[in-house]
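Trainee: Please take one part of this model and look at it closely. I would like to understand the ligand surroundings, step by step.

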Amino acid sequence: MDTVGSYLATRLAQIGLKHHFVVPGDYNLALLDQLLLNKDMQQVNCANELNCAFAAEGYARAKGAAACVVTFSVGAFSAFDGIGGAYAENLPVILISGSPNTNDAGDFHLLHHTLGTHDFHYQIEMAKRITSAAVSIQRAEDAPRLIDQAIRAALLAKKPAYIEIPSNLAGAACAPPGPISAVIDPEPSDAASLAAAVDSAAAFLAKKLKPMLLAGPKLRAAGAEAAFLALAEAIGCSVAVMPGAKSFFPEQHKQFVGVYWGEVSTLGANTIVDWSDGILCAGTVFTDYSTVGWTAQPAGANVLIADPDHVSLPGADFSRVRLADFLSALAKKVKRNDATMVEYARLRPDRPQVPTADPKAKLNRKEIARQIQGIMTGHTTLLLETGDSWFNGIETSLPDGARFEIEMQWGHIGWSVPASFGYAVGSPNRKIVVMVGDGSFQMTAQEVSQMVRHNLPVLLFLINNHGYTIEVEIHDGPYNNIKNWDYGALIEAFNAGEGHAKGYRATNGGELAEAITKAATNTKGPTLIECVIDRDDCTRELIRWGHQVAAANSRPPRKA
Ligand SMILES: Cc1ncc(C[n+]2csc(CCOP(=O)(O)OP(=O)(O)O)c2C)c(N)n1
Ligand SMILES: [Mg+2]
């Protein structure tokens, strides 16, 4: 026989997890013991449950799925924020929470860490809103079915799942796991719907004179990057990506025309999107942010939307069509049409050439971006935090193999610190580079200490512009000022005599270059480089984008 905890551990290992992230608490301690017995997985502690959920979120970006284990309410409520993020960002993070002993409800006990009422159901009710499946195991014999059901739902939907395990059931006996295919095998497309969708899409594209492709953030979750590339090459047309899909199509590919983000696009992507008369949007998500305050949203008769399990085009809709199946089948049916590439050859702006700054001149964001560009390789994963880091980093040209992570849908500042920790745990052979603002860093800074603990050489560029600059551009006020910290000293304080973290402060280009060189030699721990710039040194793109988003946010209410 297995136990509920060992069953769960086996399933997590079987879906490819080599780690799970935890914060202990008395409702989950017996469960953590059971998980520790599984030698295929390591247990990784986090400093708090918000960071724990974001670490799992980052791990899921690297490995495809993740798990985090927290205690009841005091832990789970904090984790919910990161789980909401995983939902928004289409990442299957399994949240596991310890919960009250199964006898307590019937005994009418009041319990610690609860709301102080006899109701212990509120947590699963809350979890249901931010997961694809939420289960509570109240009898050990139900565990195999409920655990399989929750994990399968998460993997299929690429959304989180929630599993609640009472403190007295983690070690209780249950049946051993059956074949894992029951959990991981994908749902096939409906064959008839797929064929009809492909026929309609091929006809749609054949009628267009200037077709092109646009990749969106759900493309990776749908496992459709390779099929998208195949379709792009079959048509030979322009390919733009949304900010949340940067790196989902190789940027060195000759058909890559930039990041489409309305008027703040890179490489003139918007000019070609605006010129095209037939845009196949794959996995796109149009929000106030990604449409630049609703000023740039492809829609109408020129647009075909291919979602992870649905295709819609003018006058037709097809359900149960898996995106990868659709794109691969369509690639075999389309005609070649490179009109958008011919036009793009005329419109293509030169890549901005940023001149090297005088090494003694005051540091500015352009010089920071220029130097970060210089260290990008095919092994780099660049994580951009919400803030002007988005705009500073989005123009980075990614060499083949480089990956890029952004949390634009949830947009929780502070995400990048725990997420890069989780990502580094999941992908120890990649070089993890983070661009994070001072305000964001202050939200989750303590997770750097886990990078120290695990000797992870994450490289953090902390852009110190003395406040919430992105908010200054959207809507300013005294609330956008923050307390300055000595960031380099803080990082080294995490060593406490037993770590290899290094902190540097750069106020000019020369100091930054020197810090980057030193960082390259620190292979046993994180390096933080505080880049000090003026409060009003921000990108033109942030100002333009902030203006449009502010206008969208402040639309007056409609008259009744
Ligand atoms: C959890 C959370 N709280 C508040 C916000 C609102 N917010 C968005 S950006 C931002 C400021 C970011 O400041 P910083 O990291 O210094 O970046 P900068 O724009 O200065 O480059 C804030 C407070 C948020 N996105 N997430
Ligand atoms: Mg700032």
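Mentor: Helices are DSSP runs of H or I with at least four residues, strands are E runs of at least two, and both are numbered from the N terminus. With that, start with the shell around ligand 1, where α17 and α19 each supply at least two residues. Helix α17 gives the most, with 4 residues. The model is predicted, so local features need pLDDT of at least 70 and side-chain atom pairs 80 or more, while totals for chains, interfaces and linings use all residues. Residues count from 1 along each chain as written, chains are lettered from A and ligands numbered from 1 in written order, and side-chain values use heavy atoms without hydrogens or water.

Now the shell itself. It has 16 residues (a heavy atom within 4 Å). Gly411, Asp438, Ser440, Gly467 and Ile470 come nearest to ligand 1. By class, the shell holds 9 polar residues, 4 nonpolar and 3 charged. Here Ala, Val, Leu, Ile, Met, Phe, Trp, Tyr, Cys and Pro are nonpolar, Asp, Glu, Lys and Arg charged, and the others, Gly among them, polar.

Next, the backbone. Oxygen atoms of ligand 1 make polar contacts (N or O pairs within 3.5 Å) with it. A polar backbone atom of Gly467 lies 2.8 Å from a ligand oxygen. For Thr469, that backbone distance is 2.9 Å. For a backbone N or O atom of Asp388, it is 3.1 Å. Taken alone, ligand 1 exposes 590 Å² (Shrake-Rupley, 1.4 Å probe). The protein buries 82% of that area.

Then the metal. Ligand 2 is a magnesium ion, and its protein donors are Asp438 (OD), Asn465 (OD1) and Gly467 (O). They lie 2.0 to 2.1 Å from the ion. Donors are N, O or S atoms within 2.8 Å of the metal, or 3.2 Å for Na, K and Ca; water is absent from the atoms, so a site may look incomplete. Along the chain, the donors follow the spacing D-x26-N-x1-G. Asp438 and Asn465 link distant parts of the chain, 27 residues apart. Asp438 belongs to helix α17 (residues 438–444). Asn465 sits in the loop between β19 (459–464) and α19 (469–474).

Are these two donors buried or exposed? Asp438 counts as buried because its relative accessibility is 2%. Asn465 also counts as buried, because its value is 7%. Buried means under 20% relative accessible area, exposed over 50%, and partly exposed in between (1.4 Å probe, protein chains only).

Finally, put the two sites together. Asp438 and Gly467 are among the residues nearest ligand 1, and both donate to the magnesium ion.

Conventions. Polar contact = N/O pair within 3.5 Å; in protein donor to acceptor, adjacent residues only side chain to side chain.
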